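Welcome! Take a moment to look over the sequence and the 3D view, and then we can walk through some of the local details together.

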Amino acid sequence: MQASACPTLPPFWNGYGREGRARMGRLICISNRIPSGPNPSGGLVVALHDTIKETGGIWIGTSGEIVDTPDNTLHEITDGPFRRMAFDLTEAEQENYYFGFSNQVLWPLFHGRTDLLEIHAEYLDSYKEVNRRFAKMLIEVIEPEDRIWVHDYHLIPLALYLRQLGAKNRMGFFLHTPFPNPITLHALPNAEDVCEWLANYEVVGMQSERDARAAIACLTEIAGAQELAGGFVQLGERQCRVAAFPIAIDAQEFRHLAEEQIDRLPAGVIKPDRQLIIGVDRLDYTKGVPQRFKAFGEFLSRHEEWHRHVSLIQISPPTREGVEAYDNIREETEHLSGQVNGQFADIQWAPIRFINRPVPRETLAGLYRAAQIALVTPLMDGMNLVAKEFVAAQNPEDPGVLILSQFAGAAEQMDDALIVNPHDIEQMATAIMTALAMPLQDRRRRHEALMDVLLTKDVSWWSKGFLTALG
Ligand code: ADP
Ligand code: G6P
C-alpha cells in the first residue's frame, strides 16, 4: 500500500453529480478493516467493496501498519479502484483495542460466547482511546453535508466522540455480527455504555430481525430507553431508529463469475464418480467447523456405500492468530479432520481436504458451482455471505443443495435451504444424506426460490435501503 498524508479531502464525484454532491454530501464509510491485498475474506470487506464500487464514496479505516508513535493524520491510499484513507495503530493499540476489546470481548460476547470473555480495564481504555483518536482525525476531513456510515463492533463509540467534537452530520451504524440479548450483554461491566454509544447514531442497522429485536430490548431494558413506533427508540435527548437491513451480494455478477470459472478449475477437482461438499469460512470458533467435521464423520460411518464417492473440501484461512481461542480452534479442527481421514481414507480417497489459506474469489466461485452441497453451519452468525454466494453460483438446471444453520442470520431469508441445528451432529449427518439423494425437481424448486430472494434483495438493495433510512 502506498500512503501519503492528506488532512483535507478535495471534492470528488459520488454518483450524484456536482449539484447532488452539494445537496447530499459525500458518503463516508468507516470500518476498522479496509481492503488490501487481492483476496479479501470476511463479509464486511466483501460487501462494502461492492457497495462503494457502485455508489462512490470514501472508505476510511486502519491501515494494517503498526507504528511506534501515532501520527494522528489520515493517509490517502492511492493504489485502488476507489478512494481510501487510513491511519496506523501502535502495537499496544493493536493488542488492546483490536485483539483485546474488539476480538476478545465484543466478538465473543456478540456471538453468545461469554465463556471466552477476557475482561481487562486496559482493553476498554484502549478501545475508547482509539475511537477518540479516530474521531479527532475524522473531524478534520468531514464536511457538514457528508453522511457518515460506520461499520462493525470495533467502532461503536465513534458517533458519540464525533458529536462531542461538534459534528452534526447524519450518522448510521451497521453491525456485521449478531447482537446479544440483554442477559448476555449484561456480562459486560459497561453494558449501558454500549447502548448509549448506539443511541448517538440516527440509524442502527442489524443483519436480521432477531438482532434488531435484541438491540431494542437492550436499549430499553439496560439503558432505560423508550421504544416508540416504527423501530424508533428515545434515549435522553437522542432518538435513533433500529432496523434490520440484511446484507447481501451482487448475485448476478457472482453467477456470471461462477459460470465462467467452472471450466477453469484445476484438473482433478471434479471427478465424475465423486460428489463434492464444500465449506468456506474464516477459521473462527463461531463457524461450527468441528461440528461439521463430526457430522461428516457420522455420515460416513452410517453410509459405507458412499465411501470414495463423496469428499468435503473445507477452505478456512486462519484469522486473528495469536488469540488463544483461535489457536485452539485451529488445533481442534486439524485434529478432527485428521481423525476422520485416518478412520476412512484409502489410497485413492481422502474424505476431507482441509485448506488453511485464502483462495481467489474466482476459484471460490468455480468451486461452489462444482459442489453438490454447501455446509454453512455456524453456531452463530450475523448473516453469512457464503450461503448466498453458493446459491448464486449454482447451475439452475442442476443446482446443488444448501445446508444452512438455523443460527445464521441468512436463515431468516433463505428458508428454502435445508435448515439444521449445528449442535445436532446426527441431524446434520441425516441432512447430508437427504441432500445427496434429493430429486432434481426438488433441488430446482428450492434453488429458484432462493435465487429469487438473492436477485431482488442484492447488495445494492441493501445499501440503498440503509442509506434511504439514513436520509
Ligand atoms: P464473516 O464475515 O464472518 O467472515 P461471511 O460468510 O459473511 O463471514 O463472509 C465471508 C466472506 O469471505 C465471503 O465473501 C467469502 O467468500 C470470503 N471468504 C471466506 N473464506 C475465504 C477464503 N478461504 N478465501 C477467500 N475468501 C474467503
Ligand atoms: C467479520 C467482521 C469484520 C472483519 C472480518 C475479518 O466479517 O464482521 O469486521 O473485518 O470478520 O476479521 P478481521 O479481524 O481479520 O478484520
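A residue counts as buried when its relative accessible area is under 20%, as exposed when that area is over 50%, and as partly exposed in between. Please keep in mind that this is a predicted model.

## Arginines in different settings

Let us try out that cut-off on Arg163, which sits in helix H5, a stretch covering residues 158–164. Is Arg163 buried or exposed? With a relative accessibility of 16%, Arg163 is buried, because the cut-off for that class is under 20%. The side chain of Arg163 also has a partner: a polar contact of 3.1 Å links it to the side chain of Glu202.

Two further arginines are worth a visit for their backbone angles. Arg308 lies in the loop that connects helix H10 (289–302) with S13, and its phi is near 70°, a positive value in a residue other than glycine. Arg308 is partly exposed, because its relative accessibility of 37% lies between the two cut-offs of 20% and 50%. Arg320 belongs to the loop between S13 and helix H11 (324–344). Its phi is near 50°, again a positive value in a residue that is not glycine. Arg320 has a relative accessible area of 13%, so it counts as buried.

## The surroundings of ligand 2

Arg320 comes up again here. Which residues are found around ligand 2? They are Arg33, Gly43, Leu44, Tyr98, Trp107, Asp152, His154, His176, Arg282 and Arg320. Sorted by class, this shell is made up of three nonpolar, three polar and four charged residues. Two helices, H2 (43–55) and H3 (91–110), each contribute at least two residues to the shell.

Some of these neighbors approach the ligand with polar atoms. An N or O atom in the side chain of Arg33 is 2.5 Å from an oxygen atom of ligand 2. Tyr98 likewise has a polar side-chain atom 2.5 Å from an oxygen atom of the ligand. For Arg282, the distance between a side-chain N or O atom and an oxygen atom of ligand 2 is 3.4 Å. How much of ligand 2 does the protein bury? On its own, ligand 2 exposes 370 Å², and the protein buries 92% of that area.

## A residue inside helix H2

Helix H2, one of the helices that supply residues to the ligand shell, also holds Leu48. Leu48 has a relative accessibility of 0%, so it is buried. Pro35 is 13 residues away from Leu48 along the chain, and the C-alpha atoms of the two are 9.3 Å apart.

## Strand S6 and its partners

Now for strand S6, which spans residues 147–151. Five of its five residues are buried, and the strand is mostly covered. The cover extends to both faces: Arg147, Trp149 and His151 are buried on one side, and Ile148 and Val150 are buried on the other.

Which strands pair with S6? One of its partners is strand S2 (residues 27–33), joined to it in the parallel sense over five bridges. Within this pairing, Ile28 has Ile148 of S6 as its bridge partner. Strand S7 (residues 171–174) also pairs with S6 in the parallel sense, over four bridges. Here Trp149 is matched with Gly172 in S7.

## Strands S12 and S13

Why is strand S12 described as largely enclosed by the rest of the structure? It runs over residues 275–280, and five of its six residues are buried, so the rest of the structure largely encloses it. S12 pairs in the parallel sense with strand S13 (residues 310–315) over six bridges. One of the matched pairs is Ile278 with its bridge partner Ile313 in S13.

## A look at the cysteines

How many disulfides does the model have? The count is zero. Take Cys218: the closest cysteine sulfur to its own belongs to Cys195, at 5.6 Å, so the two are too far apart for a bond, the limit being within 2.5 Å.

Cys218 is buried, because its relative accessibility is 0%. Cys29 is buried too, with a relative accessible area of 1%.

Key. Residues numbered from 1 in each chain as written. Chains lettered and ligands numbered in written order. Predicted model: local features only at pLDDT ≥ 70, side-chain atom pairs only at ≥ 80, totals over all residues. Heavy atoms only, no water. Near = heavy atom within 4 Å. Polar contact = N/O pair within 3.5 Å; in protein donor to acceptor, adjacent residues only side chain to side chain. Areas by Shrake-Rupley, 256 points an atom, 1.4 Å probe, with all protein chains shown as cover. Nonpolar A, V, L, I, M, F, W, Y, C, P; charged D, E, K, R; others polar. Buried < 20%, exposed > 50% of the residue type's maximum accessible area, 1.4 Å probe, protein only. Pairing = 2+ DSSP bridges.
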